[in-house]
Structures are given as structure tokens and as C-alpha cells.
Amino acid sequence: MADDATSVRSVDQRAERLRPFGATIFSEITGLARAHGAVNLGQGFPDEDGPAILKDAAARALREEHNQYAPLGGVPAFAEQIARRARLGRAVDPATEVTVTSGCTEAIAATMLGLVNPGDEVVLFQPFYDSYRACLAMAGATARYVTLRRDGGRFTFDPDELRALCGARTRAILVNSPHNPTGTVFSREELSVIAEVCRERDIVAVCDEVYEHLVYDGEHVSLASLPGMAERSVVCSSLGKTFAMTGWKIGWTVASPELTAAIRSAHQFLVFSVATPLQHAAAAALGSDEAWAWVEAMRERYRGNRDALSAALSGIGFDVCGAEAGYFVMAGTGPIAEKLGVQDGGWRDTDLCKRMIEEAGVACIPPSVFYADPDDGNGHGHLRFAFCKRREVLDEAIRRLRRWLGG
Ligand SMILES: Cc1ncc(COP(=O)(O)O)c(C=O)c1O
């Protein structure tokens, strides 16, 4: 018989459903960037904190004894602010239609675990945010994929590909708009196609809208606001990106009372409730003109960052895709092949990323990791650069890339 202590150490202890996912690319790239002293434009978090008003409100909440369990659905004052700002095209009841979660990540996990049965299918657009597939695996659901393809300056999807994937087993479509990593903001026309499929086939739309307030071109339209969609949508968002407080992990869902009951059935056993003092601070933020003015100023700064980084990458030789929103720019790598002495298509984006960290001292993310099949041709033609950084950090990255590639 195997010695218990030995077998626990020597055998992979991860449940089978989680084995395909490994460590996230963000930890790997951050580790490599540190080892080589690289400027890190990999992981999407701002290198400056959000507005002081949030910190002051959090400190006040701590001192004023808001330190015990919050209600399962969230602190009422915060739920009211979320309900007031929801874009469902109708009034939202904070008591029965809002659930405060541990970031948007838990909002999506609780939605999937609460709504989806083993064997159900859920449609994802790829490239996708990395937690989606693992959530579906934990729920025992099967992921089906629609591929976003670059069409000139932006990524979009083929409506027929979406229609062909959705059938009797499809429980939900997960729609991330504004989209990470492509920066696409789905237009009203694109959303109408998704809405039509949802209505016709009785499918729930799960809308990840974490970048809703960071739109630089066009406007963010919530899929939930389209005709017939309010009752079949779960809108997931969070405070982190909007107020540059990603470490707070304060998120939420907005959905009909029936969908909310399902989400809460999972949420109550995942975390039950979320940090009380931070919810009080979040309520103060959403209700504060000063905090929203700060967000607007940040958006303008990021617009400038996007423009500067995009122009510099184009100048160096990348085929830059116009980021309409969010934290990232996708840069096509085809044109720099010659400069690097590689046949176009003769590299993997992961190899190119590692080479760039070692030779140029700049780190970014290889988007092939956001595809179900990393060998999918769509995955290898781009690199993802974060521009949610201080300008001097971006300038240093640009200087290093110019030194590496010329231009
Ligand atoms: C598309 C998308 N959804 C969800 C999240 C996670 O949000 P949170 O930090 O609020 O859990 C991120 C964070 O990068 C994201 O880019």
C-alpha cells in the first residue's frame, strides 16, 4: 500500500476538471518580467490608486464599526447605488435584483454555478477572459466557441457562426463588451444579433461589462437594454477597473428576481457576503460627483495612453488594432517578422513574448492563451499590451522597443 504522505506529495492533487487550466499566463509573464528587469505591460492593473475619496470612505467605514457580515445581497446603500446606475431600460429593485460579489470574477462564477446544469452548453467568444472556461468546468458545462476575427481595425464575429452554435442545449451566451483583450465595443447591430438568438432560443445572456466606463470611441450599449433582454440577462460588473481599485474585488450582478435567486443560491455558499467596509466606501464612490469626475479624468488619460502607445507601436512596425475601450491594445506581429529575421507565421506568440522580455526588456501577454485551442491561427498573430500605466512607464517601454526593433 502506498504511504499516504508520499502519494499526496507525488501525485497531481488537482481535481481533473481543473487540470487543463494550469497556472495563469499573468503569473508566468510577471515572473519572467521580474527576472529580466522588464517593463511590465502584461497584467491589466493600473499602477496608480483610485481617488482619495474612496480610501477616506473606507477608513471611515472601518472606524464607524461597519465590520460585521454584510447581508447576502449586499449593503443596502450600495445595492441602491448599483440599481440606480443599471442600464436595463427599466427600474431595478435593489433588494431582489442586485447581488454584491467578490469582484466580477465571482459574479461570473456564481452566475454559472447558480444557473447552469452539468451537460448544458455555454457559448463564449474567443479570445476570452481566462476565468470563463474554468468556471464552466467547475459547473460541469460544455463551452462552445465563436471566434472574433479581425476585420480591418477591429475584431468582430460572424452572426451565422453564432446562430449555428446555439441549440436546444445552449443555456447561456457570455458576452464581454467592452471586450478584453481586443478592445472591441460591440455595436448595437452586433448586440441585436446576439439578442435575437437569445430571444428565439430562450438563452440567458451573461454580460461582463467591467470596462463599461472606459470607452474611448463609440458608446457602450448594454445587451440587457435591448428589447426583451432585461428579463433574460445577468449584467456583471465591478468597481475595480472603473475606480482603479482592482485589489478591492468589489463586484456585482444585476438580474431579474428569478435569475438573482439562482445566482444567490451559489453566492451564499461561495462567499456568503463581501467585505462590509469596502461596500460602504463603494456606495460613497458611486454616489459622489467628485469620484465620477476622477473617473472621467482617468478615462482621458488612458485615451492619451492608448493613442501614444498605438502610434509608437505602429511606428516600430506593429500592425496595431484600434482599441475602442478598456486597458489593452492588440498589435499584429506580421510586419515585424522581417525585422526579427523570422518567417511570418514561423513563431508562436508565446515565444515572441519571451524573446521580447529577454532582448527588449518589455513584457506583454500572448493572446493565444485566450483561445480554446492555442494553436488556433487566430491566436498567434498579435500581442496584447496594457496601457493602464503611468505615461513614463509607457515611454520607457517604447524607448526599449525602439532600441530593439528600430523605428
Ligand atoms: C473581461 C474581464 N472580466 C472580469 C475581470 C475580473 O474583474 P474583477 O477584478 O472585478 O474580479 C477582468 C479583469 O481583468 C476582465 O478583464
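## A three-stranded sheet

In this predicted model, three strands make up an open sheet in the order β11-β12-β14, paired antiparallel. The edges belong to β11 (319-320) and β14, and each of these has a single partner strand, so one side of each is left without a neighbour in the sheet.

Now for the pairings themselves. Strand β12, residues 328-332, runs antiparallel to β14, and five bridges join the two. If you want to check the register by eye, look for G332 opposite H382 in β14, and for M330, whose bridge partner in β14 is R384. On the other pairing, β11 and β12 are antiparallel too, joined by two bridges. Here D319 has G332 of β12 as its bridge partner. That puts G332 in both stories: it stands opposite H382 in β14 and is also the partner of D319.

How many of the residues of β12 are buried? Five of its five, so to speak a mostly covered strand. In a regular strand the side chains alternate between the two faces of the sheet. For β12, one side carries F328, M330 and G332 and the other V329 and A331, and all of these are buried, leaving both faces covered.

## Strand β10 and its partners

Strand β10 covers residues 250-255, and six of the six are buried, so the strand is largely enclosed by the rest of the structure. Split by face, I250, W252 and V254 sit on one side, with G251, T253 and A255 on the other; both sides are covered.

Which strands pair with β10? One is β2 (residues 98-102), antiparallel over five bridges. In that pairing T101 stands opposite G251. Another is β9 (residues 233-238), again antiparallel and again over five bridges. There, V235 has V254 of β10 as its bridge partner.

## Helix α2: one face in, one face out

Helix α2 spans residues 25-35, and I25, F26, I29, T30 and A33 are its buried residues. Looking down the axis of α2, these buried residues fall within an arc of 125°, so they line one face of the helix. The spacing fits the usual picture: an α-helix has 3.6 residues a turn, so residues three or four places apart point the same way.

What covers the buried residues of α2? The cover includes β1 (39-40), α15 (349-360), β13 (362-363) and β14 (382-386). So β14 turns up again here: it is an edge strand of the three-stranded sheet and part of what covers α2. On the other side of the helix, R34 and A35 are exposed. After α2 comes G37, with a positive phi near 60°.

## Backbone oddities

Two cis peptide bonds are worth a look if you're preparing inputs by hand. One joins Q126 and P127, with omega about 5°; P127 is in the loop between β3 (121-126) and α7 (131-139). Another runs from S177 to P178, with omega near -5°, and P178 sits in the loop between β7 (170-176) and α9 (188-201).

Then there are positive phi values outside glycine. E65 has phi near 65° and is found in the loop between α3 (52-63) and α4 (76-85). A244 has a positive phi too, about 50°, and lies in the loop between α10 (239-242) and β10. Buried or exposed: which is E65, and which is A244? E65 has 68% relative accessibility, so it counts as exposed, the cut-off being over 50%. A244 has a relative accessible area of 5%, so it counts as buried, which takes under 20%.

## A nonpolar patch on the surface

Which residues form the nonpolar patch on the surface? They are L18, L113, M138, L270 and V271, and together they have about 370 Å² of accessible area. V271 is in the loop between α11 (257-270) and α12 (276-286). With a relative accessible area of 35%, V271 is partly exposed.

Definitions and conventions: Residues are numbered from 1 along each chain as its sequence is written. This is a predicted model: local features need pLDDT of at least 70, side-chain atom pairs count only at pLDDT 80 or more; totals for chains, interfaces and linings use all residues. Side-chain values use heavy atoms; hydrogens and water are left out. Buried means under 20% relative accessible area, exposed over 50%, partly exposed in between (1.4 Å probe, protein chains only). Helices (H or I, at least four residues) and strands (E, at least two) are DSSP runs, numbered from the N terminus. The arc is that of the directions from the helix axis to the C-beta atoms. Contact means heavy atoms within 4.5 Å. Patches are made of residues with over 30% relative accessible area and no salt bridge: like charges are joined within 9 Å, nonpolar side chains (Val, Leu, Ile, Met, Phe, Trp, Tyr) within 5 Å. Accessible areas come from the Shrake-Rupley method with a 1.4 Å probe; for residues, only the protein chains shown count as cover. A salt bridge is a side-chain nitrogen of Lys or Arg within 4 Å of a carboxyl oxygen of Asp or Glu. Two strands pair if DSSP finds at least two bridges between them.
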